[in-house]
Amino acid sequence: MEAVTHTANAAALATLRKAGFTQEGVRRSSCLHRGRRHVNALLALLREEWEAQTRPRAWDHG
């Protein structure tokens, strides 16, 4: 699975990392927003990494 967010979006980056995503790279000047260019972070989570996580998931409860 992949995720992309602005590198300045600390809350999104923290949430993705907590979910097990790993930052794989950046796309410099890849997003034009309100007349300014921004850097995007690319994160990914492999199936094996997701399955190896030990925390409970919503569908495990019932």
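Colleague: Let's start with E24. Where is E24 found?
Modeller: E24 sits in strand β2, which covers residues 22-33. Keep in mind that this is a predicted model.

Colleague: Why is E24 called exposed?
Modeller: The relative accessible area of E24 is 60%. The label exposed needs over 50%, so E24 earns it with its 60%.

Colleague: And what makes E24 part of a surface patch?
Modeller: E24 forms a negative patch together with E2, E48 and E49. Glu counts as negative, and patch residues need over 30% relative accessible area. E24 has 60%, so it clears that cut-off.

Colleague: Now A19. Why is A19 called partly exposed?
Modeller: Its relative accessible area is 22%. Buried means under 20% and exposed means over 50%, so at 22% A19 falls in between. As for its place in the chain, A19 belongs to the loop between α1 (10-18) and β2.

Colleague: How far apart are A19 and L45 in sequence and in space?
Modeller: They are 26 residues apart in sequence, while their C-alpha atoms are 8.6 Å apart in space.

Colleague: How do you know that β2 pairs with β3?
Modeller: Count the bridges: eight of them join β2 to β3 (residues 36-44). Pairing takes at least two bridges, so with eight these strands count as a pair. The two run antiparallel. T22 stands opposite A44 in β3, and G25 has L42 of β3 as its bridge partner.

Colleague: What about the turn of that hairpin?
Modeller: Two residues lie between the strands β2 and β3 there, and R34 takes a positive phi near 55 degrees.

Colleague: What makes β1 a partner of β3?
Modeller: Strand β1 (residues 2-6) shares five bridges with β3, in the antiparallel sense. The rule asks for at least two, so five bridges make β1 and β3 a pair. One example is T5, whose bridge partner in β3 is A41.

Colleague: How many helices and strands does the protein chain have?
Modeller: There are two helices and three strands. Along the sequence, they follow the pattern β-α-β-β-α.

Colleague: And what share of the residues counts as buried?
Modeller: Of the 62 residues in the protein chain, 23% do. A residue gets that label if its relative accessible area is under 20%. A19 has 22%, so A19 does not count as buried.

Methods. Residues numbered from 1 in each chain as written. Predicted model: local features only at pLDDT ≥ 70, side-chain atom pairs only at ≥ 80, totals over all residues. Heavy atoms only, no water. Patch = residues over 30% accessible without salt bridge, like charges linked within 9 Å, V, L, I, M, F, W, Y side chains within 5 Å. Areas by Shrake-Rupley, 256 points an atom, 1.4 Å probe, with all protein chains shown as cover. Salt bridge = Lys/Arg side-chain N within 4 Å of Asp/Glu carboxyl O. Charge placed at Lys NZ, Arg CZ, Asp CG, Glu CD. Helix = DSSP H or I, 4+ residues; strand = E, 2+ residues; numbered from the N terminus. Buried < 20%, exposed > 50% of the residue type's maximum accessible area, 1.4 Å probe, protein only.
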